[in-house]
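Dear colleague,

I am handing over the structure we spoke about, and my notes on what was found in it follow below. Please read them with the coordinates open beside you.

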Amino acid sequence: MTACLPDSAPEPVFLHPWHAQVFALTVSLNEAGHFSWPNWVAQFSQVLARHGLDKDLDGGDDYFTAWLETLEMILAKDGAASAPDVERLRGDWERAYLETPHGDVVRLAASQNA
């Protein structure tokens, strides 16, 4: 049995949990038929170009912020998530995050996500 040495440990695929979550949500929505992958690629490319991200991205926050923006745009065009609804929910999450003690799970109040 060979031990996994720290120098040979694989790099994490995602830097933050939300990166993995938005990636998985996008793939799931694509597989459920909410949008085609070629449409996703075209929209994502436009968002990256608009942000001026013409450099090699390392999968960090800049990349996944653009990824999230693309998903929000596609869902808004589809009518699944309007821009005002997304903004309201983003504000709800921000308030919940700021009001949650460090280390506790962030939860939306039942009235916020109804």
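The feature I would start with is an aromatic cluster, a single one formed by F14, F23, F35, W37, W40, F44, Y63, F64 and W67. Please keep in mind throughout that this is a predicted model, and that every value quoted here is computed from it.

The aromatic pairs come to 12 in total. One of them joins F44 and W67 in an edge-to-face arrangement, with the ring centres 5.1 Å apart and an angle of 70° between the planes. This pair links distant parts of the chain, since F44 belongs to helix 2 (residues 37–50) while W67 belongs to helix 3 (residues 61–78), 23 residues apart. Are these two residues, F44 and W67, buried or exposed? Both F44 and W67 are buried.

For the overall layout, the protein has 4 helices and 0 strands, and from the N terminus on its elements run α-α-α-α. Of the 114 residues in the protein, 25% are buried, and the protein exposes about 8,300 Å², of which carbon and sulfur atoms supply 58%. Where contacts between residues at least 6 apart in sequence are considered, 49% of them join residues at least 24 apart.

Helix 3 deserves a paragraph of its own. This helix has 18 residues and reaches 25 Å from its first C-alpha to its last, which is close to the 26 Å expected at 1.5 Å a residue. Its buried residues are F64, A66, W67, T70, L71, I74 and L75, and these buried residues pack against helix 1 (17–31) and helix 2. Two of the residues just listed as buried, F64 and W67, are also members of the aromatic cluster described above. Just after helix 3, G79 takes a positive phi of about 85°.

Turning to the charged side chains, the structure holds 5 salt bridges, and three of them are described here. In general, side chains of opposite charge can pair when their charged atoms come close.

The salt bridge between R50 and E69 has its closest N and O atoms 2.2 Å apart. Because R50 lies in helix 2 and E69 in helix 3, the pair ties together parts that are 19 residues apart in sequence. E69 is partly exposed, with a relative accessible area of 21%.

The other two salt bridges described here lie within helix 4 (residues 83–99), and the first is formed by R90 and E87, which are 3 residues apart, about one turn of the helix. The closest N and O atoms of R90 and E87 are 2.5 Å apart. R90 counts as partly exposed at 35% relative accessibility, and E87 is partly exposed as well, with a relative accessible area of 49%.

The second is formed by D92 and R95, whose closest N and O atoms are 2.5 Å apart, and these residues too lie in helix 4, 3 residues apart, about one turn of the helix. An α-helix has 3.6 residues a turn, so residues three or four places apart point the same way. Which of the two partners is buried, and which is partly exposed? D92 counts as buried at 6% relative accessibility, whereas R95, at 41%, counts as partly exposed. Finally, salt bridges that share partners join E72, E87 and R90 into one network.

With best regards

Notes: Residues are numbered from 1 along each chain as its sequence is written. This is a predicted model: local features need pLDDT of at least 70, side-chain atom pairs count only at pLDDT 80 or more; totals for chains, interfaces and linings use all residues. Side-chain values use heavy atoms; hydrogens and water are left out. Rings of Phe, Tyr and Trp (its six-membered ring) pair if their centres lie within 6.5 Å; planes under 30 degrees apart count as stacked, over 60 as edge-to-face and the rest as tilted. Buried means under 20% relative accessible area, exposed over 50%, partly exposed in between (1.4 Å probe, protein chains only). The expected span of a helix is 1.5 Å times one less than its number of residues. Contact means heavy atoms within 4.5 Å. Accessible areas come from the Shrake-Rupley method with a 1.4 Å probe; for residues, only the protein chains shown count as cover. A salt bridge is a side-chain nitrogen of Lys or Arg within 4 Å of a carboxyl oxygen of Asp or Glu.
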